[in-house]
Amino acid sequence: SVHTLAAAAYDIVHAISKSQGKKAFVVKNIDLIRPEKKDEYLKTTNEPQNFFKHGNSDPNSEYEFPLESTEFFIWDACMMYKNIDPTGSTAWMNIFCAWFYAKYPDTLADKTIADRYRIQASLSGIRNRRKFFSDMVSALRSTGVVVS
């Protein structure tokens, strides 16, 4: 259900972005993905949504869901939203993107983006997502940023 909601949110943000003449950030525009990772990325992002959307065509079929695909949809929706409204991103969106870059530094072609977040990732291990988010919220609040 989380993935279906994330994919639907992505579709909405993508439609708004497209209506403004802007390109999709990644899922529909994979220029930022390293060439050797593109096939893996496309498989990770497209298969779950297609399976959940068309699962009724074969009720006995099985699918091994890659949990990471949801993270890519959320990240991509955040990036497209930032592209639509650069001043409208929330602290939660920024924290999620920091965590994403720290977790997947070798997926993106632009290494400088991932390198920017290595300091934030060192606040806590990225393996423990809850601790990472908690540490980031505390760090932002200590600087006066309101995170609700």
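## A tour from helix α1 to the cores

Begin at Gly 21, the residue with a positive phi, near 75°, that follows helix α1. The model on screen is a predicted one, and Gly 21 serves here as the marker from which to step back into the helix that it follows.

Select residues 2-19 next, which make up α1. With 18 residues at 1.5 Å a residue, α1 should span 26 Å, and because its end C-alpha atoms are 26 Å apart, the expectation and the model agree. Within this selection, colour His 3, Ala 6, Ala 7, Tyr 10, Val 13, His 14 and Ser 17, which are the buried residues of α1. Turn the view until you look down the axis of α1: the buried residues fall within an arc of 130°, and therefore line one face of the helix. On the face turned away from that buried side, you will find Leu 5, Ile 12 and Ser 19, which are exposed. To see what covers the buried residues of α1, add α2 (38-54) and α3 (68-84), which are included in that cover.

Now display the whole chain, which has seven helices and zero strands, so that the order from the N terminus reads α-α-α-α-α-α-α. Of the 148 residues in the chain, 38% are buried, and among contacts between residues at least 6 apart in sequence, 58% join residues at least 24 apart. The accessible surface comes to about 9,000 Å², with 55% of this area belonging to carbon and sulfur atoms.

For the interior, select Trp 75, Phe 100 and Phe 132, which touch the most other members of the largest nonpolar core, a set of 22 residues. Helices α3, α4 (91-103) and α7 (129-142) each supply at least two residues of this core, and the largest share, nine residues, comes from α4. A second core, separate from this one, has eight residues, among them Ala 6, Tyr 10, Val 13 and Phe 73; Ala 6, Tyr 10 and Val 13 are also among the buried residues of α1 coloured earlier.

The last stop concerns aromatic rings, of which the model contains nine pairs. Select Phe 51 and Phe 52, whose ring centres are 5.9 Å apart and whose planes stand at 70°, so that the pair is edge-to-face. Phe 51 has 26% relative accessibility and counts as partly exposed, and Phe 52, at 40%, likewise counts as partly exposed. Finally, add Tyr 63 and Phe 65, which together with Phe 51 and Phe 52 form one aromatic cluster.

Terms used. Residues numbered from 1 in each chain as written. Predicted model: local features only at pLDDT ≥ 70, side-chain atom pairs only at ≥ 80, totals over all residues. Heavy atoms only, no water. Helix = DSSP H or I, 4+ residues; strand = E, 2+ residues; numbered from the N terminus. Buried < 20%, exposed > 50% of the residue type's maximum accessible area, 1.4 Å probe, protein only. Contact = heavy atoms within 4.5 Å. Areas by Shrake-Rupley, 256 points an atom, 1.4 Å probe, with all protein chains shown as cover. Expected span 1.5 Å × (residues − 1). Arc of directions from axis to C-beta. Core = buried A, V, L, I, M, F, W, Y, C linked by side-chain atoms within 4.5 Å. Phe/Tyr/Trp six-rings, centres within 6.5 Å; stacked < 30°, edge-to-face > 60°.
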